[in-house]
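Here are a few exercises to work through with the model open beside you. Try each task before you read its solution.

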Amino acid sequence: MPEPGIVEAATTALLDWVGGAGLTARPGPPGDTGKATDRPTDKPTDKPTDKPTDKATDKATGKVADVHVWLVALLPEQGLRPNTGLDPIRFRMRFLLATARADDVAALDRLLTATTTGPHLPVFEEVPAHVWQGAPARPAFFVDVPGHLDRPVPTAPRVTAPLRIETAPMRPLPGVVLGPRDTPLAGMRVETTDGTKATYSGADGTFVLDGLPAGRTVRLLLSGRGLRFHHNVTADAALPAVIRCEIKEA
């Protein structure tokens with residue numbers, strides 16, 4: 001038999017809690033005439049009995065009081081830290097607790113007294129009119145039951161081969177920035193497009209970017225003197241990279 005889900009388990013526990021207060025718990029909305037649960041139950045009988053009972057009863061009819069336990073909402077639970085995507089899903093299950101008879105103050109008293117010692121704290125808020133579904137409105141309160149769902153933790157694949165570390169040779173990238181008629185341009189900012197390496201050209205237009213992977217094409221961003229453009233170079237070129245840019249004279 002499958003294990004009950006979190007909502008079913010919370011509902012069953014709350015029905016048991018109401019039964020522990022000496023009341024017959026009935027799942028469902030107020031006005032529902034479905035079968036009451038056996039938590040606990042007393043079968044009505046016309047025969048008198050001397051057996052004591054701890055049930056809340058109506059003094060006029062002697063009938064055992066019924067309490068409706070109805071899940072009306074699932075509410076988000078505020079987390080204390082940002083969600084990382086692997087944290088449990090936390091929420092609150094809001095149940096309405098209402099007596100089956102609008103004038104059954106004895107059962108209501110039992111419920112309120114039970115909240116002083118039980119794990120459930122009452123939430124006193126106005127009950128929307130549509131909840132009663134045509135039945136007479138009556139005093140009632142809510143109980144919030146916390147719940148959480150654990151997210152499955154992804155498992156990493158098993159490593160079956162020895163670890164291998166591959167390194168790429170690094171080398172500096174020298175170059176020169178030239179303007180019209182091969183005039184050296186000083187003060188040009190030269191950087192990799194990922195922003196990890198940057199420098200400025202000197203008075204003779206030369207620059208050096210250290211620690212670039214050898215044998216790979218590197219895309220550079222050059223800016224300065226009102227210019228901004230890209231240029232591709234290779235870090236292991238035999239000669240310094242020559243970067244020419246055209247400056248339109250006024």
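The exercises below cover confidence, a sheet, a loop and ring contacts.

This is a predicted model, in which local features need pLDDT of at least 70, side-chain atom pairs count only at pLDDT 80 or more, and totals for chains, interfaces and linings use all residues. Residues are numbered from 1 along each chain as its sequence is written, and side-chain values use heavy atoms, with hydrogens and water left out.

**Exercise 1. Confidence**

Find the mean pLDDT of the protein chain, and look at residues 38-61.

Start with the scale: pLDDT is the predictor's confidence in each residue, from 0 to 100. The chain has a mean of 80, with 80% of its residues reaching 70 or more. Next, turn to residues 38-61, where the pLDDT is below 50. Beyond near neighbours in sequence, this stretch has 37 contacts in the model (contact means heavy atoms within 4.5 Å).

**Exercise 2. The sheet**

Work out the order of the four strands in the open sheet, and explain why strand 8 and strand 11 each have one side without a neighbour.

First, the terms: strands are DSSP runs of E of at least two residues, numbered from the N terminus, and two of them pair if DSSP finds at least two bridges between them. The order is 8-7-10-11, with antiparallel pairing. Strand 8 (198-200) and strand 11 (227-234) stand at the edges with a single partner strand each, so one side of each lacks a neighbour in the sheet. From one strand to the next, the twist averages 25 degrees (angles run from 0 to 180 degrees between N-to-C directions of axes, lines fitted to C-alpha atoms).

Now follow the bridges. Strand 7 (residues 189-192) and strand 10 (residues 217-224) share four, and Val190 has Leu222 as its partner in strand 10. Strands 10 and 11 pair over eight bridges, and Arg219 faces Asn232 of strand 11. Their hairpin has two residues between the strands, and Arg225 takes a positive phi near 55 degrees there.

**Exercise 3. A loop**

Are Arg181 and Asp182 buried, partly exposed or exposed?

Locate Arg181 in the loop between strand 6 (170-178) and strand 7; Asp182 is also in the loop between these strands. Buried means under 20% relative accessible area, exposed over 50%, and partly exposed in between (1.4 Å probe, protein chains only). Arg181, at 72%, is exposed, while Asp182, at 41%, is partly exposed. For the backbone, Arg181 has a positive phi of about 55 degrees without being a glycine, and Asp182 also has a positive phi of about 55 degrees.

**Exercise 4. A charge and a ring**

Over which ring does the charged end of Arg94 sit?

Apply the criterion: NZ of Lys or CZ of Arg within 6 Å of the ring centre and within 35 degrees of the ring normal. The ring is that of Phe142, with the charged end of Arg94 5.5 Å from its centre.
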